[in-house]
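Biologist: Could you take me on a close tour of the ligand site in this one? I'd like to know what surrounds the ligand and which parts of the chain supply it.

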Amino acid sequence: MGFGRGKVILLGEHAVVHGCPAIAVGIERGVTADAAVAERDLLRLSPWNLELEPDPKGDEPLQRAFAAVLALYPARPSLEVKTQVDLPAGAGLGCSAAIGVAVLDAIDQTLGIERLRADLATAALAWEKVFHGNPSGIDNTMSAVGGVALYRRGDALRTLRSNKPLHLVVGHSGESSSTKEMVASVSRQLQSDPARVNKAFEGIEVLVRNAKLAIEAGDHVALGQLLDLNHTILSSLMLCTTKLDDMCQAARRAGALGAKMTGAGGGGCMFALAPEHDEALRLRDVLGEGSFVAEVSA
Ligand code: PMV
């Protein structure tokens, strides 16, 4: 069975596209996939009941992404790949990258190819590039490797260690968004007002560096404050929605140590940092439908 996990970016999304570091965690929810030799190449996606043939020029991005992945295996039989997706799409949890990693992992297993998870992440970039032109690589890397890590484009992933688990609660705004459009919007702002946007990136980089220290020291009160500040900077880049802001506020009022949007923004998910497991369960009720607890050990 192939597997690609979902991810939550704790701090640094968008800035990471432009070379700043970011911190992300891999979560247990993700995508599983099975591959089998078949009469023709086919990709099936549940729970959406989708069946797609690969086509490098197809209208549907999934067709192009499947074709890009199959092209990585020059001598192979025809393959049918069945995936089970347990992540919301267009929600900032790295759903597309998780499908790509799971598909590659399943094909590798069927063809008897052994690959390190880090190399699986690199291969999955071919899939991710179809969905948005300029991926930082954080989604496919965290999906394949997991854990808690500091990621910077072009550098080796740095795993962070701590003796205190992170009690995260992920909430879904119910609004879907396009990573491609949100990344393009930040790039447009960078072009038209480089001083303002570079200042925002510099601010995010300082928060990420401090968050690394806070995670390693197990100082979740400090980490929570850094999350709130990162949320404010992302708002200034017009990436938050009223719903996401309201959910973050509700979580803070209900006792979260910090809360922020995660991923591309413009909708999708936010998360809150809870002090303990029981409070995480309570915050999940506050955040309502579609929310879930993710406990992550660093
Ligand atoms: O919304 P998601 O899960 O695709 O996360 C995107 C993260 C960005 O930093 C906005 C883009 C990227 O490639 O790093």
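Modeller: Sure. Of the 18 residues around the ligand, the ones that come nearest are Lys7, His14, Ser136, Thr179 and Ala264. Keep in mind that this is a predicted model, and that the distances I quote are computed from it.

Let's go through the polar side chains. Lys7 has a side-chain N or O atom 2.7 Å from an oxygen atom of the ligand. For Thr179, an N or O atom of the side chain is 2.9 Å from a ligand oxygen. His132 joins in as well, with 3.4 Å between an N or O atom of its side chain and an oxygen atom of the ligand; the cut-off for a polar contact is 3.5 Å. As for how much of the ligand is covered, it has 380 Å² of accessible area on its own, and the protein covers 96% of that.

Now for where this happens. The ligand sits in the largest pocket. Three elements each give two or more residues to the shell around it: strand S1 (2-11), helix H4 (138-145) and helix H5 (179-192). Both domains take part, since domain 1 (2-159) and domain 2 (166-296) each supply at least three residues of the shell. Sorted by class, that shell is made up of eight nonpolar, seven polar and three charged residues.

One of the nearest residues deserves a second look, and that is His14. You'll find His14 in the loop between S1 and strand S2 (22-37). Its backbone has a phi near 70 degrees, a positive value in a residue that isn't glycine. For background, most residues other than glycine have a negative phi.

While we're on backbone geometry, here's another spot to click on. The peptide bond that runs from Ser46 to Pro47 is cis, and its omega is near 10 degrees. Pro47 belongs to the loop between strand S3 (42-46) and strand S4 (50-52). In general, most peptide bonds are trans.

Methods: Residues numbered from 1 in each chain as written. Predicted model: local features only at pLDDT ≥ 70, side-chain atom pairs only at ≥ 80, totals over all residues. Heavy atoms only, no water. Near = heavy atom within 4 Å. Polar contact = N/O pair within 3.5 Å; in protein donor to acceptor, adjacent residues only side chain to side chain. Areas by Shrake-Rupley, 256 points an atom, 1.4 Å probe, with all protein chains shown as cover. 1 Å grid on protein atoms, 1.4 Å probe; cavity = no way out; pocket = protein on both sides within 12 Å on 5 of 7 lines; lining within 4 Å. Sits in = over half its atoms within 2 Å of the grid points. Helix = DSSP H or I, 4+ residues; strand = E, 2+ residues; numbered from the N terminus. Nonpolar A, V, L, I, M, F, W, Y, C, P; charged D, E, K, R; others polar. Domains from an automatic or database assignment.
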